[in-house]
Amino acid sequence: MSQGSLTIGDLGEDLKAEQRRNGLELIGLRSLLEQGRCHGGLQQRLQSRRIELEERQRELARIRSLLRDTNQ
């Protein structure tokens with residue numbers, strides 16, 4: 001294997017790492033949103049970010065599933 005080439009396993013690990021990072025950010029965002037102590041504009045931006053992250057998590061799960069299916 002040459003330098004710089006990616007394997008399906010590498011891609012899967014990268015996706016898993018991104019899911020973990022996003023999950024941790026989501027935990028923090030949900031906590032802030034549940035407390036409701038942010039000003040309106042910030043609350044709205046945090047809510048938008050939470051929605052983006054949740055969509056990305058679903059997308060990553062679909063991609064990982066496709067990679068698993070391809071790898072079998």
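A residue counts as buried under 20% relative accessible area, as exposed over 50%, and as partly exposed in between, with a 1.4 Å probe and protein chains only. This is a predicted model, in which local features need pLDDT of at least 70 and side-chain atom pairs count only at pLDDT 80 or more, while totals for chains, interfaces and linings use all residues. Residues are numbered from 1 along each chain as its sequence is written, and side-chain values use heavy atoms, with hydrogens and water left out.

**Exercise 1. Describe the overall form of the chain, beginning with its helices and strands.**

Solution. Step one is to list the elements: the chain has two helices and zero strands, where helices (H or I, at least four residues) and strands (E, at least two) are DSSP runs numbered from the N terminus. Step two is to consider the radius of gyration, which is taken over C-alpha atoms, alongside the globule rule of 2.2 Å times the number of residues to the power 0.38. The radius is 16 Å, well over the 11 Å that the rule gives for 72 residues, so the chain is more spread out than a compact globule. Step three is the box filled by the C-alpha atoms, roughly 50 × 25 × 15 Å along the principal axes. Finally, buried residues make up 24% of the 72 residues.

**Exercise 2. Find which parts of the chain are linked by the salt bridge between Arg56 and Glu18.**

Solution. First recall that a salt bridge is a side-chain nitrogen of Lys or Arg within 4 Å of a carboxyl oxygen of Asp or Glu; the whole structure holds seven of them. In one of these, the side chains of Arg56 and Glu18 meet at 2.8 Å, N to O. Next, place the partners: Arg56 is in helix H2 (residues 40-71) and Glu18 in helix H1 (residues 8-35), 38 residues apart, and the pair therefore links distant parts of the chain. Lastly, Arg56 is partly exposed, with a relative accessible area of 26%.

**Exercise 3. Compare the surroundings of the pairs Arg49 with Glu52 and Arg50 with Glu54.**

Solution. Begin with Arg49 and Glu52, whose closest N and O atoms are 3.7 Å apart; being three residues apart in helix H2, they are separated by about one helical turn. Arg49 is partly exposed at 32% relative accessibility, and Glu52 is partly exposed at 45%. Turn then to Arg50 and Glu54, with closest N and O atoms 2.6 Å apart, which lie four residues apart in helix H2. Here Arg50 is buried at 16%, and Glu54 is buried at 19%.
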